[in-house]
Each structure stands twice: as structure tokens, then as C-alpha cells.
Amino acid sequence: MGQQAIGHIDGVVPGEVFSSRMEMKNANLHSDVRRGISRLKDSDSSYVADAIVLNGGYEDDDDDWTSVKYTGASPDDEKDGTKLLKSQSWEYRDNAALKLSFDRGYPIRIFRGPKGDRRYSLPNSYRYDGLYKITAAHDATAKSPAPDGTPITICQFILERLPDPEQELTPAERQIAEVLVQQEELLDVEATTVDDESGGTTSAEDGEAKPPATRVSRVQRIVRDPATVRRIKALYDHECQLCGLRLVGPDGKPYSEGAHIKPLGKPHNGPDVERNILCLCPNCHVRLDIGAVLIEEDWLIVVRTGMFGENLRTKLKMHRRHKVHQEYVEYHREWWISHGPRHEPTESAM
Ligand SMILES: [Zn+2]
């Protein structure tokens, strides 16, 4: 792979997993195997940051997937575990680099490690979770004071995840986007030909740089099968976690769908992480998406609308290496209880 750079690294898409920090460093995704903040030299030779790792570094960190509160760095002798012994400095090399990336509007690659927020993290590896934009860099007061009781000031960064159309496309997504671009250009040409009776067709221009955002998000809706989803499907060998069905196509290949319990995108902003994904058959995917089934705290499956000719499991099947997080099924339950088909109160009999 090429060299360290700001933003996308060719061939690395969100959801990709790395077994160690060394593997990330070798892929030019992070400059260091220990530090949270990765630095590189900008064109004017000053250091900027290009990546950070969320791995339970400080107690003042807060990860909400789309929005992240990140605590800057301190030298080893100024901290004790996740607690700081003295205030942080904007002059410290890593903080200065991340601050300069904020000033210059550079995107930051975020990796989540095994010690990060348990709602997102994988047990033993690091996952690339896409590009984030730094929206603020300011002083904040740490939760814990210094050992002598005086308050500690931290360098706090706020990062917001860039919308999906601005994240790197998977090869399948890119292929379909290109086909769509060609089709639409073809339609444009036909439209021009109809208007222009002289018959001179305008040739479509080549260099179709990057497909516009609307088209990209349409493509992602069609072929959303990120690395995270593929891993969950493989774990269950395509067997539906709700009904046990394992569909096999005429080509002998099994078919299943990856369903996000807390949906991706607005207004839900669910994370694209293993603990938020189920392996389902197409019918059960729809059932989940329209709130026809809910999942209780003890993983019991509750059917809310009548179904004929099919039996669901009583309990959600879960592989020992896949722990769905309670927060997502709870979100799904509460959403559908407040937005689902209402049971209109029956008019009281006269
Ligand atoms: Zn099913």
C-alpha cells in the first residue's frame, strides 16, 4: 500500500478489522503502535494528525458513534492509567497536531480498539470506522481532579462522523455507482438527441470523477453489505436468527441479509457494528424493520402482528462470539412501541 495520507486510504473501507496496532501501522493507517493520535508532516512541514484510536484511553472520553468526545494526549509521567495527574497542554506534540488538523479542516480516520466503549468495540481487534470531522477543540475540566485536589484542564476534541456518501465505497458499491453514472449519462444523451433534431449526438464526457452524493447514497442503499455484515453472516452460516431458515439459491449459495437493529442514518444514527447487526432471512428482515417483531431484554421474541404459516423461534439465536447489545434491542422496542401501529382505544359501548 502507498504511504500515510490524510483522509481515505485506497482500498480500506469502514468496517475493516485489524488484529494489531502493528498491522494498522504497516498499512499506513496510523503512524504509531502505542499512541492514540497519529501524526504526519503536511506539505508545509508542520505536523498534522490523520488518525486516532478510541481504546479506553481516558475517563473523559465519550463515544456516541456519530459524535465523539476525545481527550488529547499527555506524556506518560503525567498520567496514571486513565486518570491524569496534571493539566494537558496544547503545545504537546500530539495535541498540537490534532489541533492543526482542526484548523485546516482535515478529516480524521477513527479506529475503535478492544478497550473502547463496549457497545461498539470488538473483543480482540481494531476496526476502522470511517472518517470524522473535528468540529471543536477546546479546554474542558476533567472529571477527576489532580491527586492534590486541584481541577485538571484537558485538551478536548469533538469529532462528528462524516455522512455515509463521504465515506469510502466498497468495490461492489463503486462498481454499481459507475454503472449508474453510465446509465444516467446514456439517458442524458438520449434526451439531447430527442431535443436536437439535427441528429448530432453529444458524446458523454469521460472523466467522471466522483459520483455525486445523492447517487452514492442510493448505491449504498442497494448494496449495503459492509465488512461488519459479512462477518455476522459467516458466523451464522446464513441461518436466520429469528426463524432458523437458511435459504439456498439455485446456484447452491446460501442467502441471508444483515439487519441493523438500531437503523443506520438519520434519525436513528445506529452504529455499523457487530453488536447492532442480526443475520436474518429476507422475511424476518422486513419483520424487524417494520416493528412486527420486538426482542425482549431476555432475548424472547415478541410477535406483534399476525403471521400465518411460519413459526419464529421463542428466543433470538445468538452465537457465543456474537453478543447483541441490549441498548439496540431496547431502542428498537421503544421506537416501535411509540411509533408502531396504535391500538386505537375501542369506542366505549353506549
Ligand atoms: Zn427468518
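Contact means that heavy atoms lie within 4.5 Å of each other. This briefing concerns a predicted model and describes a zinc site, a helix beside it in sequence and a buried histidine. The zinc ion has Cys-240, Cys-243, Cys-281 and Cys-284 as its protein donors.

**The zinc site**

- Each of the four cysteines, Cys-240, Cys-243, Cys-281 and Cys-284, offers its SG atom to the zinc ion, at 2.3 Å.
- The 4 donor atoms form angles of 103 to 116°, and the site is tetrahedral.
- For four tetrahedral donors, the ideal angle at a metal is 109.5 degrees.
- Along the sequence, the donor residues follow the spacing C-x2-C-x37-C-x2-C.
- Two of the donors, Cys-281 and Cys-284, are buried.

**Helix H6**

- Helix H6 comprises residues 282-289, and its buried residues are Cys-284, His-285, Arg-287 and Leu-288.
- These buried residues lie on the same side of H6, because they cover an arc of only 160° around the axis.
- An α-helix has 3.6 residues a turn, so residues three or four places apart point the same way.
- The cover over the buried residues of H6 includes strands S13 (257-260), S14 (277-280) and S15 (293-295), together with helix H7 (326-339).
- After H6 comes Gly-291, which has a positive phi near 70°.

**His-268**

- His-268 is located in the loop between S13 and S14.
- His-268 counts as buried because its relative accessibility is 13%, and the cut-off for buried is under 20%.
- Apart from neighbours within four places in sequence, His-268 is in contact with Lys-262, Pro-263, Tyr-331 and Trp-335.

Conventions: Residues numbered from 1 in each chain as written. Predicted model: local features only at pLDDT ≥ 70, side-chain atom pairs only at ≥ 80, totals over all residues. Heavy atoms only, no water. Donors = N, O, S within 2.8 Å, 3.2 Å for Na, K, Ca; no water. Tetrahedral: all angles 85-135°; square planar, octahedral: opposite > 155°, others 65-115°. Buried < 20%, exposed > 50% of the residue type's maximum accessible area, 1.4 Å probe, protein only. Helix = DSSP H or I, 4+ residues; strand = E, 2+ residues; numbered from the N terminus. Arc of directions from axis to C-beta.
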